[in-house]
Amino acid sequence: MEHEIAIESSLREKRRFKPDPAFARKANVPGQAAYNRMAKAAEKNPERFWAQQAREHVSWFVPWKKVLDWKLPFAKWFVGAKTNVSFNCLDRHLEGENAWRKNKAAIIWEGEPGDTRVLTYGDLHREVCKFANVLKSQNVKKGDRIVLYMPLIPELAIAMLACTRIGAVHSIIFGGFSADSIRDRIKDAQAKLVVTADGGWRRGRIIQLKKLVDEALEDLPSVERVIVYRRTDHGVPMREGRDLWWDALMEGASTDCKPAKLDSEHPLFILYTSGSTGRPKGILHTTGGYLTQATVTARYIFDLKDEDTYWCTADIGWITGHSYVVYGILANGATTLLYEGAPNHPDEERFWQIIDRYKVTILYTAPTAIRTFMKWGDHHPKKYSLRSLRLLGTVGEPINPEAWMWYRRIIGRNRCPIVDTWWQTETGGIMITPIPGGVATPPGSATRPFPGISAAVVDEQGEEVPTNEGGYLVITKPWPGMLRGIYGDPKRYRKEYWSRFPGVYFAGDGARRDKDGNFWVMGRIDDVMNVAGHRLSTMEVESALVSHKMVAEAAVVGRPDDIKGTAVVCFVTLEEDEQAVPGLDKELKDHVAKEIGPIGRPDEVRFTDALPKTRSGKIMRRLLRDIAAGRETLGDTTTLEDYSVLAALREDED
Ligand code: WTA
């Protein structure tokens with residue numbers, strides 16, 4: 001793995017937005033003094049802080065014997081305790097002093113064609129119990145892995161919660177992934193049941209989910225059952241003996257299903273993400289610690305109240321959707337809004353319409369989306385009141401100060417605090433973030449570690465770097481929501497996260513810390529690209545390219561992009577007797593999109609006779625990155641195997 005880091009950061013943002021006293025007074029963390037007290041106590045004794053939070057905000061059937069058992073790099077949180085995630089998200093809102101929530105909206109959903117549904121906590125509880133019984137009737141047992149490949153519809157949340165209710169482990173695959181990706185993930189997790197839908201709506205078109213599942217399962221007999229929810233109703237073939245309709249199974253299902261009393265460390269879900277090799281890794285999260293962090297961070301960072309209508313625009317197929325569309329939000333008894341489709345269907349005003357229609361109070365979205373809205377023009381959001389909004393959040397990639405200011409002015413109307421939240425699939429929950437009302441925010445910085453989280457910026461040797469110097473972002477103490485491993489691969493877990501700097505977690509991001517202690521995350525420094533807020537590894541795209549019969553060798557790099565953050569640029573050499581005929585670049589783009597899914601589609605394919613390599617045969621990515629970005633190449637080229645290659649690549653540009 002090649003690590004490079006921009007040590008010099010030209011970004012020197014001076015603006016600071018102080019917490020609004022009116023917001024702070026009513027906030028769950030009521031103001032700067034309260035925040036400072038909380039942060040200080042947590043710093044002094046993080047375990048005690050997390051234990052206190054876990055006692056206060058999570059319900060347990062059996063209390064823990066020990067808060068943390070840490071045998072680096074393996075952590076156990078709330079050791080010996082028993083709980084259940086679906087109980088925390090549902091049942092406890094239906095009893096005791098919270099019983100009034102039975103008829104409160106848990107999920108407000110809008111489909112892309114404009115159909116809408118509201119599920120109260122009572123409704124959701126009933127549906128989850130029924131589907132849990134359906135899973136049981138299909139012989140799903142505690143610990144079994146279940147793949148969910150669904151559109152953004154309430155049934156996805158129902159299926160997740162049903163799994164957690166009986167201790168089955170879900171692995172959600174985002175609907176933008178290809179049949180090959182589904183197959184790899186099913187194989188890796190050895191899943192025996194898949195829940196999908198006939199299709200989903202996206203920009204007025206049907207995404208053929210069932211068809212892709214059928215393709216993926218062609219040579220995977222280990223999958224015994226496919227449960228199909230009828231969403232688009234466009235008539236899909238059902239395989240006898242394997243495929244069953246969701247509605248038929250639900251019809252007779254009992255609404256009675258006791259939540260299993262699961263060990264705090266019982267596996268909750270696997271979620272695949274890109275690492276620095278071609279093979280996606282199954283990030284494993286467990287029950288008690290994850291639930292605690294998701295619940296507590298959602299409560300303080302989004303300042304969740306019973307009156308809120310909270311909307312996180314992420315798909316549930318990403319970690320953001322797991323933690324902050326479903327688990328963290330429902331565990332707080334809040335109302336979560338789901339929108340199935342594209343932000344520009346039928347036009348560029350869909351988001352602002354939704355906000356006004358449902359009086360959304362909290363909006364959590366990605367910088368890529370914000371930059372896209374900027375491009376579409378201020379006149380769209382300006383037509384709408386947006387008065388209901390009181391808090392804004394961003395996640396997924398660094399937000400440039402210009403986009404941050406636009407978000408604040410045009411969407412927040414200068415009234416709403418912004419929380420820029422840094423975290424990862426691996427961290428389970430938010431790690432670095434302002435607390436609204438408690439922390440002054442500079443545009444473009446995720447500010448401080450959440451109370452109970454310890455982060456640092458270090459150099460190659462693992463020493464903390466001085467103020468404002470760039471380095472590697474590390475987490476220095478275990479945290480409750482941390483990944484418990486890479487599914488089936490403890491060696492890779494240790495290697496990827498815990499071996500770069502002994503004893504600390506290596507996040508793979510570059511960062512600097514300013515004199516006020518604010519973290520400025522600069523983005524990935526490994527072979528992972530952050531494309532429109534989605535993680536994609538250069539190796540994944542490379543292996544997709546070389547699987548094309550005409551391609552001999554490929555090198556993939558990211559190029560800075562105004563909207564997507566990073567654009568994917570591919571340098572390709574062809575097999576001896578092949579020619580870069582017109583249209584081949586499109587064919588290769590299509591090929592990658594088919595292999596990985598639409599999210600992997602390259603922005604640019606360039607053909608070259610050879611790739612620049614060091615004497616040891618390593619592709620010189622830094623050079624390629626510079627060429628892709630059109631920058632002058634300043635790096636040391638003395639080890640270039642063949643200078644002419646670089647010269648040729650450059651000439652190609654003129
Ligand atoms: C990037 C998404 C800067 C970062 C929750 C990280 C961010 C990767 C931010 C994880 C942020 C996420 N500022 N960069 N606020 N949030 N990132 O696993 O590079 O899909 O390592 O999790 O996104 O992406 P993942």
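Me: Which residues of helix α16 (residues 490-498) are buried?
Reply: Keep in mind that this is a predicted model. Buried here is under 20% relative accessible area. In helix α16, the residues that count as buried are R492, Y493, E496, Y497 and W498.

Me: And what covers the buried residues of α16?
Reply: The cover is made of strands, at least in part. Contact takes heavy atoms within 4.5 Å. By that test the cover of α16 includes β1, β2, β15 (281-286), β23 (485-486) and β24.

Me: Which aromatic cluster does Y493 belong to?
Reply: Y493 is one of the buried residues of α16, as are Y497 and W498. These three sit in one aromatic cluster, and its full list is W70, F74, W479, Y493, Y497, W498 and Y505.

Me: Back to β1 and β2: how many bridges join them?
Reply: A hairpin joins β1 to β2 through two residues. Within the pairing, L68 stands opposite W77 in β2. The two strands run antiparallel, and the number of bridges is five.

Me: W60 and F78 form an aromatic pair; what are its distance and angle?
Reply: A pair of aromatic rings is described by the distance of the centres and the angle of the planes. W60 is buried, and F78 is buried too. Their pair is tilted, with 5.2 Å centre to centre and 55° between the planes.

Me: Why does that pair tie together parts of the chain, and how many residues apart are they?
Reply: Look at where the two rings sit: W60 is in the loop between α3 (46-57) and β1 (66-71), while F78 is in strand β2 (residues 74-79). The pair therefore ties together parts of the chain whose separation in sequence is 18 residues.

Me: Why is the pair of W311 and F351 called tilted?
Reply: W311 counts as buried because its relative accessibility is 1%, and F351 counts as buried because its value is 7%. Planes under 30 degrees apart would be stacked and those over 60 edge-to-face. The ring centres of W311 and F351 are 4.7 Å apart and the planes are at 55°, so the pair is tilted.

Me: Which charged residue lies over the face of W245?
Reply: There are two cases of an arginine over a ring to mention. R185 lies over the face of F177, 4.4 Å from the ring centre. For W245 the distance from the ring centre is 4.0 Å, and the residue is R230.

Me: Which strands stand at the edges of the open sheet β21-β22-β24-β25?
Reply: The four strands pair antiparallel in that order. An edge strand has a single partner, so one side of it is left without a neighbour in the sheet. That describes β21 (455-458) and β25 (519-524).

Me: Inside that sheet, which residue of β24 does G471 stand opposite?
Reply: Strand β22 (residues 471-475) pairs with strand β24 (residues 505-513) in the antiparallel sense, over four bridges. The residue in β24 that stands opposite G471 is A511.

Me: Which helix gives the most to the largest nonpolar core?
Reply: That core has 159 residues, and those with the most contacts inside it are L124, F131, W246, F302 and V541. L124, for one, touches residues including L90, I158, L161 and L330. With nine residues, the helix that gives the most is α6 (residues 154-166).

Definitions and conventions
Residues numbered from 1 in each chain as written. Predicted model: local features only at pLDDT ≥ 70, side-chain atom pairs only at ≥ 80, totals over all residues. Heavy atoms only, no water. Core = buried A, V, L, I, M, F, W, Y, C linked by side-chain atoms within 4.5 Å. Buried < 20%, exposed > 50% of the residue type's maximum accessible area, 1.4 Å probe, protein only. Phe/Tyr/Trp six-rings, centres within 6.5 Å; stacked < 30°, edge-to-face > 60°. Lys NZ or Arg CZ within 6 Å of the ring centre and 35° of its normal. Pairing = 2+ DSSP bridges. Lists of a residue's contacts leave out its neighbours within four places in sequence.
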